[in-house]
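Consider how two copies of a chain are arranged and what lies between them. The explanation below starts at the axis and works outwards.

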There are 2 protein chains.
Amino acid sequence: MSTFDLSGYLSRNRKLVDDALISIFGKLDRQRELVRAMTHSLMAGGKRVRPALALATAHALGADPAIALPASCAIEMIHTYSLIHDDLPGMDDDDLRRGVPTCHKQFSEATAILAGDGLLTHAFHILAAPGSCFKVFPGAETRLILVEKISAAAGINGMVEGQMLDMQAEKNPGDLPRDSAEALAHLKKIHRHKTGAMIEVSVASGAVSAGAGSDALTALGTYAQNIGLAFQVMDDILNVEGDPEIMGKAVGTDALHDKMTFPAILGLQGSKDFSKQLISDALDALNSYKEEEFKEKSEPLRAIAGYIINRKR
Amino acid sequence: MSTFDLSGYLSRNRKLVDDALISIFGKLDRQRELVRAMTHSLMAGGKRVRPALALATAHALGADPAIALPASCAIEMIHTYSLIHDDLPGMDDDDLRRGVPTCHKQFSEATAILAGDGLLTHAFHILAAPGSCFKVFPGAETRLILVEKISAAAGINGMVEGQMLDMQAEKNPGDLPRDSAEALAHLKKIHRHKTGAMIEVSVASGAVSAGAGSDALTALGTYAQNIGLAFQVMDDILNVEGDPEIMGKAVGTDALHDKMTFPAILGLQGSKDFSKQLISDALDALNSYKEEEFKEKSEPLRAIAGYIINRKR
């Protein structure tokens with residue numbers, strides 16, 4: 001077992017990201033309802049897994065992790081917008097998120113729609129114009145690549161399509177494949193789009209910000225694909241056996257709604273085995289990149305992979 | 001009076017933009033519900049005023065208008081997303097737009113939310129990676145400036161804030177200034193954000209795409225500010241005396257909802273005089289830029305200014 005202090009590492013990175021987000025939104029008038037609605041959700045205690053991946057990736061490649069902060073903040077803003085819109089009455093209609101009232105419950109439905117739109121739009125603004133909020137940031141050409149990669153991951157061939165596929169699966173369960181191999185392939189497709197794409201681009205953004213070469217991008221891409229899927233398998237497992245107090249939300253809801261999940265297809269133990277295999281494949285991918293200092297410097301990435309299947313929320 | 005054939009000019013530009021949008025979305029699987037929902041609204045017969053401004057601005061500066069097509073398409077996609085979200089039950093709850101069912105009426109509320117999110121995200125993707133859809137496009141540094149300007153205009157200090165201010169004005173009319181000078185200033189603030197910012201950035205995007213210098217940007221910026229406000233004043237006038245058949249939507253709705261509008265503050269004739277003054281100021285701004293060929297090449301921009309206050313829909 002590694003003796004790496006992941007908890008301390010995540011706390012320090014979390015503070016870096018939170019401070020950067022505060023510096024972005026602190027410049028705005030806090031009396032504005034729109035700003036209050038955006039920060040309500042942005043500062044509601046998210047785990048900051050995606051920023052941690054971007055920062056740890058930049059570190060693994062020998063760069064100052066701060067170079068990945070603009071992309072980290074943009075990705076966290078996009079992640080938060082997706083939660084706000086996902087919680088809307090017209091989507092999942094959820095009242096609680098991370099233990100606090102969802103944006104439309106705390107404010108109004110219209111305000112929540114606009115807060116989501118505002119976070120998404122401002123994420124791209126931060127990438128294009130990081131100068132007023134960040135001391136260090138990648139050059140213009142690299143930032144344009146970040147806009148390209150992040151908009152691809154968040155958009156109609158990534159997260160937004162994943163939300164659509166997920167919704168269609170819930171609405172028309174009769175249309176889903178009944179054969180378990182096909183069902184598993186379809187479930188992977190949904191999650192590769194819905195959550196995988198943004199986790200993959202978190203790692204890719206850290207790498208691109210740090211000026212990674214193609215060998216590093218390939219190894220890190222495989223790592224990210226595997227942990228992205230493991231993250232979702234674990235989410236499904238936690239919905240079966242998680243502690244609602246620790247998670248800040250209800251559990252057992254997937255089974256209640258007869259939702260297509262990994263435990264429903266593979267069983268609970270099968271899902272746990274599958275998530276462990278994915279993490280093992282992720283670590284193998286890191287081992288395949290032979291740069292001299294990478295093995296030591298990628299320790300946080302290895303620890304995050306372990307955390308994904310050991311987390312309680 | 002100018003003999004310039006604006007109608008033919010707008011038709012040709014409209015075809016340029018429509019063809020480019022078709023090439024962007026034609027690459028996607030048309031069986032996908034998300035793609036169908038996005039194109040339903042994008043191809044529902046919009047006037048394409050914003051793209052026409054970007055293309056006419058590039059032309060006025062002596063560039064091939066096609067250089068402004070990526071920005072034109074991005075801006076039209078953002079404009080369309082804002083209409084889809086604005087029409088949602090949680091916002092204005094409109095059933096018809098441009099004479100056809102709104103996105104959530106034709107599909108579903110969740111699909112409309114995601115279609116809007118998808119259009120907004122893909123707009124930035126097109127700017128970052130125009131290569132697969134456009135033959136000519138600005139260089140990387142210019143495209144990053146376009147991302148910066150367009151995200152600023154569309155976002156929390158631009159259009160999204162304008163929607164918020166507009167909604168607050170409708171919801172809490174008692175909070176609005178009662179003095180007519182203050183009311184006029186507040187109404188201008190709402191519209192400068194809600195519609196003005198995107199009209200201004202349409203002109204600015206055409207100028208930046210064409211490599212404009214600071215003198216041109218200043219003159220064109222003043223032109224755009226004035227026509228942007230005139231556009232909204234005219235929208236309010238059309239809501240009083242427009243023909244619902246020509247407009248494809250109901251009229252008289254502002255007065256019915258006791259909405260703060262230019263006719264409500266300035267009267268109908270006062271609003272018409274105000275819109276004419278704004279267009280006169282816009283034309284003066286164009287005259288202030290003395291580059292040799294600009295006078296002739298800016299004729300489409302002058303004609304569009306005239307169209308804004310003479311349009312019937």
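In this predicted model, the residue of chain B that comes closest to the rotation axis is B:L144, with its C-alpha at 3.0 Å. Two copies of a chain are related by a rotation about an axis and a shift along it. Here a turn of 180° with a shift of 0.0 Å along the axis lays chain B on chain A, with an RMSD of 0.0 Å. That turn and shift are the relation of a two-fold axis. The same surface serves both copies, as 97% of the contact residues of chain B recur in chain A.

The contact itself involves 37 residues of chain B and 36 residues of chain A. On the side of chain B that touches chain A, at least two residues come from each of α2 (33-42), α6, α7 and α8 (159-171). The largest share is that of α6(B), which supplies twelve residues. By type, this side of chain B has 20 nonpolar, ten polar and seven charged residues.

Helix α7 can be followed in chain A, where it runs over residues 140-154. At 1.5 Å a residue its 15 residues should span 21 Å, and the end C-alpha atoms are 21 Å apart, so the expected and actual spans agree. The buried residues of α7(A) are A:R143, A:L144, A:L146, A:V147 and A:K149, together with the run A:I150, A:S151, A:A152, A:A153 and A:A154.

What covers these buried residues comes from both chains. From chain A, the cover includes α4 (69-86), α6 (109-128), α8 (159-171) and α9 (180-209). From chain B, it includes α6 (109-128) and α7 (140-154).

Key:
Residues are numbered from 1 along each chain as its sequence is written. Chains are lettered from A and ligands numbered from 1 in the order in which they are written. This is a predicted model: local features need pLDDT of at least 70, side-chain atom pairs count only at pLDDT 80 or more; totals for chains, interfaces and linings use all residues. Helices (H or I, at least four residues) and strands (E, at least two) are DSSP runs, numbered from the N terminus. The expected span of a helix is 1.5 Å times one less than its number of residues. A residue is buried if 20 or more other C-beta atoms lie within 10 Å of its own, exposed if 12 or fewer, and partly exposed in between; C-beta atoms are placed from the backbone. Two residues are in contact if their C-beta atoms, placed from the backbone, lie within 7 Å. Ala, Val, Leu, Ile, Met, Phe, Trp, Tyr, Cys and Pro count as nonpolar, Asp, Glu, Lys and Arg as charged, and the others, Gly among them, as polar. Copies are superposed by least squares on the C-alpha atoms of residues with pLDDT of at least 70 in both.
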